[in-house]
Amino acid sequence: MAGLKDKRGFIDKDRLDLSERKAVEFWMKRWGVTRDQLTAAHRKAGRMTKDIAAELGKKR
């Protein structure tokens, strides 16, 4: 559960859940990466966005 389900458009800024399309699209656009790059970084670093950003060499 990456975001609050009762709030439309809410994106959890601390955790990334790859099953949430809007969150994946948000972080892809923010970091300028592809879905494959994001997925690989998520698998390697875990679900915390600060760790994924570090893996991608981006600022959170």
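Me: At what angle do α2 and α3 pack, in this predicted model?
Reply: This is a predicted model. In it, the axes of α2 and α3 lie 9 Å apart. α2 passes α3 in a right-handed crossing. The packing angle is about 115 degrees.

Me: Which residues of α3 does α2 meet?
Reply: Start on the α2 side. Gln37, Leu38, Ala41, His42, Lys44 and Ala45 take part there. Across from them, the α3 residues are Asp51, Ile52, Glu55 and Leu56.

Me: By class, how many nonpolar residues are in the contact of α2 with α3?
Reply: The contact mixes three classes. Two of its residues are polar and three are charged. The nonpolar residues number five.

Me: What is the secondary structure pattern along the chain?
Reply: Count the elements first. The chain has three helices and zero strands. Read along the sequence, that gives α-α-α.

Me: Which helices do the buried residues of α1 pack against?
Reply: Helix α1 covers residues 21-31, and its buried residues are Ala23, Val24, Trp27, Met28 and Trp31. Seen down the axis, they fall within an arc of 130 degrees, so they line one face of α1. These buried residues pack against α2 (35-45) and α3 (49-56).

Me: Which residues are exposed on the other side of α1?
Reply: Look away from the buried face. That other side carries two lysines and an arginine. The exposed residues are Arg21, Lys22 and Lys29.

Me: Why do the buried residues of α2 count as being on the same side, and what arc do they cover?
Reply: The buried residues of α2 are Leu38, Thr39, Ala41 and His42. Their spread around the axis is limited, which puts them on the same side of α2. The arc is only 165 degrees.

Me: Which exposed residues sit on the face of α2 turned away from its buried side?
Reply: Turn α2 around. The cover over its buried residues includes α1 and α3. The face turned away from the buried side carries Asp36, Arg43 and Lys44.

Me: Within what arc do the buried residues of α3 fall?
Reply: In α3, the buried residues are Thr49, Ile52 and Ala53. Seen down the axis, they line one face of the helix, because they fall within an arc of 100 degrees.

Me: Which exposed residues does the opposite face of α3 carry?
Reply: The buried residues of α3 have cover that includes α1 and α2. The face turned away from that buried side has exposed residues instead. They are Lys50 and Ala54.

Me: Is Thr49 buried or exposed?
Reply: Thr49 lies in helix α3. Leaving out residues up to four places away in sequence, Thr49 touches Lys13, Asp14, Arg15, Leu16, Trp27, Trp31 and Arg60. Buried means under 20% relative accessible area. Thr49 has 0% relative accessibility, so the word is buried.

Me: Which glycine just after α2 takes a positive phi?
Reply: Check the residue that comes just after each helix. After α1, Gly32 has a positive phi of about 65 degrees. After α3, Gly57 has a positive phi near 75 degrees. Just after α2, with a phi of about 100 degrees, comes Gly46.

Me: What share of the exposed area do carbon and sulfur atoms supply?
Reply: First, the burial. Buried residues make up 32% of the 60 residues in the chain. The chain exposes about 4400 Å². The carbon and sulfur share of that area is 49%.

Key: Residues are numbered from 1 along each chain as its sequence is written. This is a predicted model: local features need pLDDT of at least 70, side-chain atom pairs count only at pLDDT 80 or more; totals for chains, interfaces and linings use all residues. Side-chain values use heavy atoms; hydrogens and water are left out. Helices (H or I, at least four residues) and strands (E, at least two) are DSSP runs, numbered from the N terminus. Buried means under 20% relative accessible area, exposed over 50%, partly exposed in between (1.4 Å probe, protein chains only). Accessible areas come from the Shrake-Rupley method with a 1.4 Å probe; for residues, only the protein chains shown count as cover. The arc is that of the directions from the helix axis to the C-beta atoms. Contact means heavy atoms within 4.5 Å. Axes are lines fitted to C-alpha atoms, for helices over the stretch in contact, and angles run from 0 to 180 degrees between N-to-C directions. A crossing is left-handed if the near helix is turned anticlockwise from the far one by less than a right angle, and right-handed if clockwise. Ala, Val, Leu, Ile, Met, Phe, Trp, Tyr, Cys and Pro count as nonpolar, Asp, Glu, Lys and Arg as charged, and the others, Gly among them, as polar.
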